[in-house]
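Got the viewer open? Let's take a quick walk through this one, one selection at a time.

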Amino acid sequence: MKEYFTLFIGSVIVNNFVLTKFLGLCIFFGVSKSLNASIGMGMAVTSVITLSSILAWIVYNFVLLPFHLTFLTTIIFVILIASFVQLLELIIKKQAPALYNMWGIYLVLIATNCIVLSVPLLSVESNYSFVKSIIFAIGSGMGFALALILMASLREKLVYADVPKALEGTGIAFILAGMLSLAFLGFSGMI
Amino acid sequence: MKELWKIFYKGLFDENPIFILSLSLCPALAVTTTVANGLTMGLSVLFVITANNVVVSLTRKLVNQKVRVPVYITSIATIVTVVQLVLQAFFPSLYKALGIYLALIVVFAIILARAEVFASKNKVIPSFFDGLGMGCGFTIAMLAIAVVRELLGNGTILGYSVFGSWYNPALIMILPPGAFILIGYMMGGIKLYNQRKESKRLKGSES
């Protein structure tokens, strides 16, 4: 039990994917302009990461390992995840149009994104068991959502600040992310 | 010939993938802790983007419009796997240092963007030069960031000591926050330069 808890806290805070591993930066800077969009995106990413991790774990352990095809991991995972997200989009569009109107747009964006690909790759690389890989995926997704929501709240306040003209837009957003990352650095060594 | 040079040159500065287009930022921050890592990453991307542009350009008449994106992704993933296997066999320590980021070349927006925007509409030779230019621009940007980070954070370049023993390394430049803040200021600097140039041009046209 303790092992699982450590893994969870580790992936949410200590090894936060955005702020210490730089994954998913495109979405992080693109979406964090508004708080509402960030919450939606955080939810969408968490669920997609979890589902695709489960799928990737099954394929890796029951197909790639027994047939000695591990050198194909990258190709198979990319295709698997991209087609899975497309399928998910189709299903949600048909079955739950209300949900699609809320989150559909984010699904298109995350079909080929580094964070969605890297979580299954990392959990396969570290030989996690099935339960562990699910916990790792949920933790990573929640860590991403946490960073995104924090950043969006900060950027909404930034509108009122007097920023030097050259740093407006992306420049100041990066420096802000640096400060946030500095704060998260304080958690390292906790585990 | 001049046309080809133009295609090559625009990737270097005017449309630099990292600083101007702001695409593929994950590697620019993650693997630029030392010059050697940054350079390896830059060269890997250079190879993948050029090879993929050639493949996409060669097959542009065979691939149906509707399935083009999956085809591009498969082609990129294949080339990336080749790079991974080569590095693993000949440079195991670099392969270890780059880790997961090497596999993630597959999802770099810049590669897919060049295939979609340029290679799918042009002949093989211009596509080759476009890939070469974009790849070199990417490598230059990686080097620029890596040199500053290694110099300030470790006092060395490519492992050789530059400042001597009196220099006390600013460890933060190697750590993640330093990367974010450095890129923020670099982008600000480039924007400032472009704004100056623009206002000078405007003044020149008025008088």
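**Stop one: a residue on a helix**

Start by selecting A:I91, which sits in helix α5 of chain A. Keep in mind that you're looking at a predicted model. Is A:I91 buried or exposed? A:I91 counts as exposed, because just 11 other C-beta atoms lie within 10 Å and the cut-off for exposed is 12 or fewer. Now add A:S133 to the selection: it is 42 residues away along the chain, and the two C-alpha atoms are 25 Å apart.

**Zoom out to chain A**

Show chain A as a cartoon and you'll find 9 helices and 0 strands. Its C-alpha atoms fill a box of roughly 60 × 45 × 30 Å along the principal axes. The radius of gyration is 18 Å, which agrees with the value near 16 Å for a compact globule of 191 residues. Of those 191 residues, 40% are buried. Among contacts with a separation of 6 or more, 78% join residues 24 or more positions apart.

**Colour by confidence**

The mean pLDDT of chain A is 86, with 97% of its residues at 70 or more. Select helix α8 (residues 130-158) of chain A for the highest mean among the elements, 92, then helix α6 (residues 97-109) for the lowest, 74.

**Last stop: where chain B comes in**

Bring up both chains: the contact takes 32 residues from chain A and 32 residues from chain B. On the chain A side, α2, α3, α5, α7 and α9 each supply at least two residues. Pick α9(A) next, since you'll want the largest share, 10 residues. By type, the chain A side splits into 22 nonpolar, 9 polar and 1 charged.

Definitions and conventions:
Residues are numbered from 1 along each chain as its sequence is written. Chains are lettered from A and ligands numbered from 1 in the order in which they are written. This is a predicted model: local features need pLDDT of at least 70, side-chain atom pairs count only at pLDDT 80 or more; totals for chains, interfaces and linings use all residues. pLDDT is the predictor's confidence in each residue, from 0 to 100. Helices (H or I, at least four residues) and strands (E, at least two) are DSSP runs, numbered from the N terminus. Two residues are in contact if their C-beta atoms, placed from the backbone, lie within 7 Å. Ala, Val, Leu, Ile, Met, Phe, Trp, Tyr, Cys and Pro count as nonpolar, Asp, Glu, Lys and Arg as charged, and the others, Gly among them, as polar. A residue is buried if 20 or more other C-beta atoms lie within 10 Å of its own, exposed if 12 or fewer, and partly exposed in between; C-beta atoms are placed from the backbone. The radius of gyration is taken over C-alpha atoms; the globule rule is 2.2 Å times the number of residues to the power 0.38.
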